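Colleague: Could you take me through the salt bridges in this model, one pair at a time?
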Amino acid sequence: MKSITIQGAKRESVGKKSTKALRDAELVPCVVYGGTEPLNFSTEEKSFKNLVYTPDAHTVELVIDGQTIPAVLQDIQFHPITDRILHADFYQLSEDKPVIMDVPVRITGRAKGVVAGGVLRQSFRKLRLKALPANLPDEIVVDVTPLRIGNKVYVGDIKNDAYTFLHPDNAVVAAVKMSRNAMKGGVVVDDDEDESEG
């Protein structure tokens, strides 16, 4: 999985006053868990640009006062009006501890049902999974080529030994549905008629 680096500085005081002072200076108060004890630090708001405002999933190299900590972003809070980042929680990675992440889904292929006039619907842009850091994928690739109208791809169909999905096996990832204007024998059939045909 791709990694990005965020430079930070340890925070000595963590009260409301110091937090407000950080935000006034366009810095984001952060904490990283998973080590021997939580580590409070701050970083520039622009450090999050390539981590938050992207469809991709990344691990993070936190460089705090010269110390490098591999981590993943666990939680982030935004201001309800200005949308500025108020706080971020990270979780330190260790080789033998599984982590939970949302990983993007990439659809490939052209479904047979789409060629026949159906419409492809994608239910998930990202899937939540649990894996050891070394097994975290950059993306989940789903080939929809074999799907005909009425066919679906379920989470259970794309299971993998390297990671565990935190969704039920019967959750639909993608489906090909009948298009509203699908032609049958030269006649435009609406959804209701189509369903009554059985």
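The exchange below deals with charged side-chain pairs in a predicted model.

Colleague: How many salt bridges does the structure hold?
Modeller: As general background, side chains of opposite charge can pair when their charged atoms come close. For this predicted model, the number of salt bridges in the structure is 6.

Colleague: Which residue forms a salt bridge with Lys20, and is that residue buried or exposed?
Modeller: The partner is Asp24, with the closest N and O atoms 3.0 Å apart, and both residues lie in helix α1 (residues 16-24), 4 residues apart, about one turn of the helix. Lys20 has a relative accessible area of 51% and is exposed. Because exposed means over 50%, the 55% relative accessibility of Asp24 makes this partner exposed.

Colleague: Which strands hold Asp102 and Arg128?
Modeller: The side chains of Asp102 and Arg128 meet in a salt bridge, at 2.8 Å from N to O. The pair ties together parts that are 26 residues apart in sequence, because Asp102 lies in strand β7 (residues 99-108) and Arg128 in strand β9 (residues 126-131). The strands asked for are therefore β7 for Asp102 and β9 for Arg128.

Colleague: What is the relative accessibility of Asp169, which meets Lys159 in a salt bridge?
Modeller: Their side chains meet at 3.0 Å, N to O, and the pair links distant parts of the chain, with Lys159 in the loop between β11 (152-154) and β12 (164-165) and Asp169 in the loop between β12 and β13 (172-177). Lys159 is exposed, with a relative accessible area of 54%. Asp169, by contrast, counts as partly exposed, its relative accessibility being 42%.

Conventions:
Residues are numbered from 1 along each chain as its sequence is written. This is a predicted model: local features need pLDDT of at least 70, side-chain atom pairs count only at pLDDT 80 or more; totals for chains, interfaces and linings use all residues. Side-chain values use heavy atoms; hydrogens and water are left out. A salt bridge is a side-chain nitrogen of Lys or Arg within 4 Å of a carboxyl oxygen of Asp or Glu. Helices (H or I, at least four residues) and strands (E, at least two) are DSSP runs, numbered from the N terminus. Buried means under 20% relative accessible area, exposed over 50%, partly exposed in between (1.4 Å probe, protein chains only).
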